[in-house]
Amino acid sequence: TAKFVEERFREFGLSTRTVDYEVLVSYPLKRSLSVVYPSNSSLSLGLDEETVDGDGDSSGVIPTFFAYSPSGEALAEVVYANYGQKSDFDELKSLGVEVRGSVVIARLGKSFRGDIVFNAQEEGAVAVVLYPDPRDYATNATTEGYYPFSRWLPPSGVQRGSVIQDPGDPLTPGWPSSKLSERLNASNLTRLGVPAIPALPISARDALPIIEALGGPVAPDSWQGGLAVDAYRAGKEPVKLDFRYEANLTTATIRNVFGIIEGSEKDRYVLLGNHRDAWTYGAGDPNSGTACLLEIARIFGQFLRRPARTIVFCSWDAEEYSLTGSTEWVEDNLAMLKARAVAYLNVDEAVTGSSFSASATPQLDNLLFDVTKMVKDPDSNGTIFDSWCGKSNDCVGRLGGGGSDYAPFLQHAGIPSTSMTYEEKNSDFPVYHSLYDNYNWMKNFGDPEFHRHATVVKVWGLLARRLVMDTILPFNYVSYANVLEVNILSLSKSRDVNFFPLHFAVDQLRELASKIPSFTAPRSKNDILMLGERCFLDGEGLPGKPWFKHLIYGPTQTNVYGTSTFPAIADVISKMAVGEDKEELKALKQDLQHEIWRASRAVQCAANVLKGDIFS
């Protein structure tokens, strides 16, 4: 696929570059999982996905596994932990169920799979099994059935994925995995963000005999799922799981491919990115986005021969292995990107549902509104803005989580970013990372006429065109300040600490953003607009997550996929909410005040940049 993308870029008249890295990846060698009954009889689970007639030969598809799971074996009793969140493990304690020494089974859907594994590890589990419950991924198959008869995940569907928490190659944390780079010792990967206990993904079909055999107290109502059992129980007894997994951790060469249209200001870059690697066929994730990227490259290559700024089309490798392709490239070019990158526009899964949504750093909100008001919604009589936002401007998501390739650009390099998709509002992408994310699913259920793909091309392309052609960059930091003020008011409710420094810094940002000075050369004004976002980075990074440098938007402490505003502040507040010891609360209060000051310095830095001069 790297060769295919490179050839298309050349065909469209773009100059091309490829960049290779040598990175740590993992593959499954052996997998087995059996239910062991008190009689010592056992049931071996298949761990495979059934091929659907008409979908073609699946013999070349990688088996179901979790990347970076360590090898391991366990024969132990089983505990059901709902979605595997910290609150779920707290509930197990209240039910009197001991997790230590057990195999945890949990359902996917509420948080990053790797966080579930780490939560179970922290509670003393010896292995983890994760599955997509029919209630979350198949509406219990009560009315529509499942693929190939509807969009829902079949009973044998399995969600693959990575379980490492930080982006990039774990052996080169913070620097690129070039051929001659330093690499840390792979013998102690647990120090590098890799779980210490093994984990496997299984299907709902394989989860059924485990769940129906569990003993122990009946799980709370909110824990009951869609499997055909009388009741979900928390475990343990009377059954055990015989869990065996052997992984092959090895180094592989990955290749990023770039298509470039040089601008008049050739040293100012607007980057459009999508990853092309997939766990299976990847019709939705990522090939819907890849098709859109190639179409924009074709159009720009034909009609935009000399833009004002350079356009870089980025085709990332190894995104599924913890955003490795984009992360290594950003780490490799960090200083240059901080000095020259205008914005990064990401599309991962362009289409997996019927509802448009977009996320961005707030200085790009108004640009998103302007563009989506120009594009007709293929599913209604209005515009994309009408169906997305309606009468409200409170519709833009934020990019704090580490779920796609915007993360290294925003979280590590401080580059204004967007990401957009078509998804379903009230459900996850049902065939995500499974055998059934294929062309037939897309053609029959995702986007039968491919009108939504065309719409993503229009929105993505218009955003890029404005950013490469507008004389003055369409960044609005007044909007940024207004968004932050709302977030601060929410965080500061009933807190016995001083939020004034942060309020003052945001007021300064708003005031100075409203009167950015004019310059004889537009480039000077554009530079301060471009550099404002960089101020939100802090060299120390977030507490416990030092790779994530952005103090305004970051992942939550309990979910790498989740977005938190002022994440370090929010994390201390969440700890204070459950703290009881007076000395601990006193220390947390001091930590909170420190994080408020740290965030206020970052915001004040952005305000100072917008002044346009050191001595003004």
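**View 1. Glutamate 349 sits in the loop between β12 (341-346) and β13.** This close-up, like the others here, comes from a predicted model. Is glutamate 349 buried or exposed? With a relative accessible area of 18%, glutamate 349 counts as buried, because the cut-off for that word is under 20%. Leaving aside residues up to four places away in sequence, glutamate 349 touches Gly284, Asp285 and Ser288, together with Met420, Thr421, Tyr422, Phe429 and Tyr432. Have a look at asparagine 274 as well: 75 residues separate asparagine 274 from glutamate 349 in sequence, while their C-alpha atoms are 8.6 Å apart in space.

**View 2. Helix α9 (residues 365-372) is largely enclosed by the rest of the structure.** Why is that said of α9? Six of the eight residues of the helix are buried, so the surrounding structure largely encloses it. If you would like to find them in the view, the buried residues are Asp365, Leu367, Leu368, Phe369, Val371 and Thr372. They pack against the strand β13 (355-360) and against three helices, α10 (384-388), α13 (451-469) and α14 (477-491).

**View 3. Domain 1 and domain 2 meet at an interface that buries about 2900 Å².** To get your bearings, domain 1 covers 2-21 + 252-469, domain 2 covers 26-249 and domain 3 covers 477-611. The C-alpha centres of domain 1 and domain 2 are 30 Å apart. Domain 1 brings 30 residues to the contact, and domain 2 brings 44 residues. Of the area buried between these two domains, 56% is on carbon and sulfur atoms.

**View 4. Arginine 151 and glutamate 424 form a salt bridge through their side chains.** The N to O distance in this pair is 3.9 Å. How many salt bridges are found across the interface of domain 1 and domain 2? The rule finds one. Polar contacts are found there too, with 19 residue pairs across the interface, both residues of each pair being at pLDDT 80 or more.

**View 5. On the side of domain 1 that touches domain 2, α7 (324-332) and α12 (439-446) are the elements that give two or more residues.** Which of them gives the most? That is α7, with five residues. By residue type, this side of domain 1 divides into 13 nonpolar, 11 polar and six charged residues.

Terms used
Residues numbered from 1 in each chain as written. Predicted model: local features only at pLDDT ≥ 70, side-chain atom pairs only at ≥ 80, totals over all residues. Heavy atoms only, no water. Domains from an automatic or database assignment. Contact = heavy atoms within 4.5 Å. Buried area = accessible area lost by both parts, 1.4 Å probe. Salt bridge = Lys/Arg side-chain N within 4 Å of Asp/Glu carboxyl O. Polar contact = N/O pair within 3.5 Å; in protein donor to acceptor, adjacent residues only side chain to side chain. Helix = DSSP H or I, 4+ residues; strand = E, 2+ residues; numbered from the N terminus. Nonpolar A, V, L, I, M, F, W, Y, C, P; charged D, E, K, R; others polar. Buried < 20%, exposed > 50% of the residue type's maximum accessible area, 1.4 Å probe, protein only.
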